[in-house]
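Me: Please take a close look at one part of this protein for me. I would like to know about its pockets and the side-chain contacts that go with the helices around them.

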Amino acid sequence: MRAEWDLVLDKVMAQKDHSALVTLFELLLTEEERSAVAGRLKVFQTLLHKEMSQRQIAQEYQISIATITRCSNYLKHMTEEEREQIKQLTL
């Protein structure tokens, strides 16, 4: 399965403009999946800022507590260096 994911990443990286990238993601992901990915990114950004509680995040962005908890647990198990890398990627 890893080889298939690498192919997806290669196709994403090969896109030269925003419009082509939008088209590719519309082809590969349903609207619900794109929304879920965007929501997860928002959760990570908000958790890394440490300005809102999980309940506030859920209310503000209409994201399930389960998703927020998964993201939070993922961050908790990272080293400080890994969290810094995630900050650079998402903020």
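Reply: What follows covers the pockets, then the aromatic pair, then the salt bridges. Keep in mind that this is a predicted model.

Start with the largest pocket. Its volume is about 360 Å³. Its lining counts 14 residues. Nearest the centre lie Ala36, Val37, Gly39, Arg40 and Leu41. Two elements, H3 and H5, give two or more residues each to this lining. H3 gives the most, with seven residues. By class, the lining splits into six nonpolar, six polar and two charged residues.

Now the second largest pocket. It holds about 250 Å³ of space. Its lining consists of Trp5, Val8, Leu9, Val12, Met13, Phe25, Leu28, Leu29 and Val37. Helix H1 (2–14) and helix H2 (18–28) supply at least two residues each. H1 has the largest share, five residues. The lining has nine nonpolar residues, with no polar and no charged ones. Val37 deserves a second look: this residue lines the second largest pocket, and it is also listed among those nearest the centre of the largest one.

H3 and H5 come up again in the aromatic contacts. The whole structure yields one aromatic pair. The ring centres of Phe44 and Tyr74 are 6.0 Å apart and the planes stand at 70°, so this pair is edge-to-face; the cut-off for that class is over 60 degrees. Phe44 sits in helix H3 (residues 31–49) and Tyr74 in helix H5 (residues 65–76). The two are 30 residues apart, so the pair links distant parts of the chain. Phe44 has 13% relative accessibility, so it counts as buried.

Last, the salt bridges. A search of the whole structure finds three. One belongs to H3: Arg34 and Glu31 are three residues apart in that helix, about one helical turn. Their closest N and O atoms are 2.7 Å apart. Arg34 is partly exposed at 23% relative accessible area, whereas Glu31 is exposed at 55%.

Helix H6 (residues 80–90) also holds Glu80 and Arg83, about one helical turn from each other. This salt bridge has its closest N and O atoms 3.1 Å apart. Glu80 is partly exposed at 48%, and Arg83 is partly exposed at 23%.

Lys87 and Glu84 meet in a salt bridge at 3.4 Å, N to O. They too are three residues apart in helix H6. Lys87 is partly exposed at 24%; Glu84 is partly exposed at 34%.

Terms used:
Residues are numbered from 1 along each chain as its sequence is written. This is a predicted model: local features need pLDDT of at least 70, side-chain atom pairs count only at pLDDT 80 or more; totals for chains, interfaces and linings use all residues. Side-chain values use heavy atoms; hydrogens and water are left out. Rings of Phe, Tyr and Trp (its six-membered ring) pair if their centres lie within 6.5 Å; planes under 30 degrees apart count as stacked, over 60 as edge-to-face and the rest as tilted. Helices (H or I, at least four residues) and strands (E, at least two) are DSSP runs, numbered from the N terminus. Buried means under 20% relative accessible area, exposed over 50%, partly exposed in between (1.4 Å probe, protein chains only). On a 1 Å grid over the protein atoms alone, a cavity is a set of points where a 1.4 Å probe fits but cannot get out, and a pocket is an open set with protein on both sides within 12 Å along at least five of seven lines; lining residues have an atom within 4 Å of a point. Grid points are joined across faces, edges and corners, and a volume is the space filled by probe spheres set on the points. Ala, Val, Leu, Ile, Met, Phe, Trp, Tyr, Cys and Pro count as nonpolar, Asp, Glu, Lys and Arg as charged, and the others, Gly among them, as polar. A salt bridge is a side-chain nitrogen of Lys or Arg within 4 Å of a carboxyl oxygen of Asp or Glu.
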